[in-house]
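Got the viewer open? Let's take a walk through this one together, stop by stop.

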Amino acid sequence: YVTEDPCVRFLSVDSRKRGLDGPDVGPALVVHTGVPFGLKHIDHTLPEVQPIIMQHLEDVLPGLPEPLSIKCQKWRYSQVHKSVAGSPGSLVVRTAPPLVLGGDAFTHSNFDGCVESALSVVRQVKELLTTNGRL
């Protein structure tokens, strides 16, 4: 997770995560941008945005070798930029049977927001099951 760059927000060696690293296969690096960068560049073309991202990646990881290939994708709705009012963490939709919604849309868009929401969902479900006599 990258916090000090205005563009790059998250990096993952995807090939390692999927167990695909090997002597004949190079690493695959996944680069995610942050919400403010995405919103600022949402209507730009991939050829316009890709060099900007690559320059920021070089700033974050200086000396990174040139990639053999690049696949740049846009996800218009991949991250939360306006969370649910009050950031409740979760939302009870139905009490019996329990149905609780969660995710970073109920907190804030980063890993900590997802964890915070998950904990809120657990609290809500536990409370609903206790109230309904199922726990």
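Which helix is Asp-14 found in? Select Asp-14 and you land in helix H1, which covers residues 14–17. Keep in mind as you click around that this is a predicted model.

Stay on Asp-14 for a moment. Is it buried or exposed? Asp-14 counts as buried, because its relative accessible area is 16% and the cut-off for buried is under 20%. Now show what surrounds it: setting aside residues up to four places away in sequence, Asp-14 touches Ala-28 and Val-30.

Next, zoom out and colour by secondary structure. You should find 4 helices and 4 strands. Trace the chain from its start and the order reads β-α-β-α-α-β-β-α. The protein is more spread out than a compact globule, because its radius of gyration is 20 Å, well over the 14 Å that the globule rule gives for 135 residues. If you draw a box around the C-alpha atoms along the principal axes, it comes to roughly 60 × 40 × 25 Å.

Switch on the surface. About 9,700 Å² is exposed, and carbon and sulfur atoms supply 58% of that. As for the inside, 20% of the 135 residues count as buried. Contacts are worth a look too: of those between residues at least 6 apart in sequence, 46% join residues at least 24 apart.

Time to go inside. Which residues make up the largest nonpolar core? Select Val-2, Cys-7, Val-8, Phe-37, Val-49 and Ile-53, which form this core of 6 residues. In soluble globular proteins, nonpolar side chains tend to be buried together.

Pick Val-2 out of that group and show its contacts. Leaving out neighbours within four places in sequence, Val-2 is in contact with Val-8, Arg-9, Leu-11 and Val-60. One of these, Val-8, is a fellow member of the core.

Now move to Cys-7, another core member. Its relative accessibility is 0%, so Cys-7 counts as buried.

Last stop: how many disulfides does a search of the whole structure find? The search comes back with 0. Cys-7 is in no disulfide, and its nearest cysteine sulfur belongs to Cys-72, 9.5 Å away. Select Cys-72 and turn the question around: why is there no bond from its sulfur to the closest cysteine sulfur? That closest sulfur sits in Cys-7, and a gap of 9.5 Å is too far for a bond, since a disulfide needs the two sulfur atoms within 2.5 Å.

Definitions and conventions. Residues numbered from 1 in each chain as written. Predicted model: local features only at pLDDT ≥ 70, side-chain atom pairs only at ≥ 80, totals over all residues. Heavy atoms only, no water. Buried < 20%, exposed > 50% of the residue type's maximum accessible area, 1.4 Å probe, protein only. Core = buried A, V, L, I, M, F, W, Y, C linked by side-chain atoms within 4.5 Å. Contact = heavy atoms within 4.5 Å. Helix = DSSP H or I, 4+ residues; strand = E, 2+ residues; numbered from the N terminus. Rg over C-alpha atoms; globule rule 2.2 N^0.38 Å. Areas by Shrake-Rupley, 256 points an atom, 1.4 Å probe, with all protein chains shown as cover.
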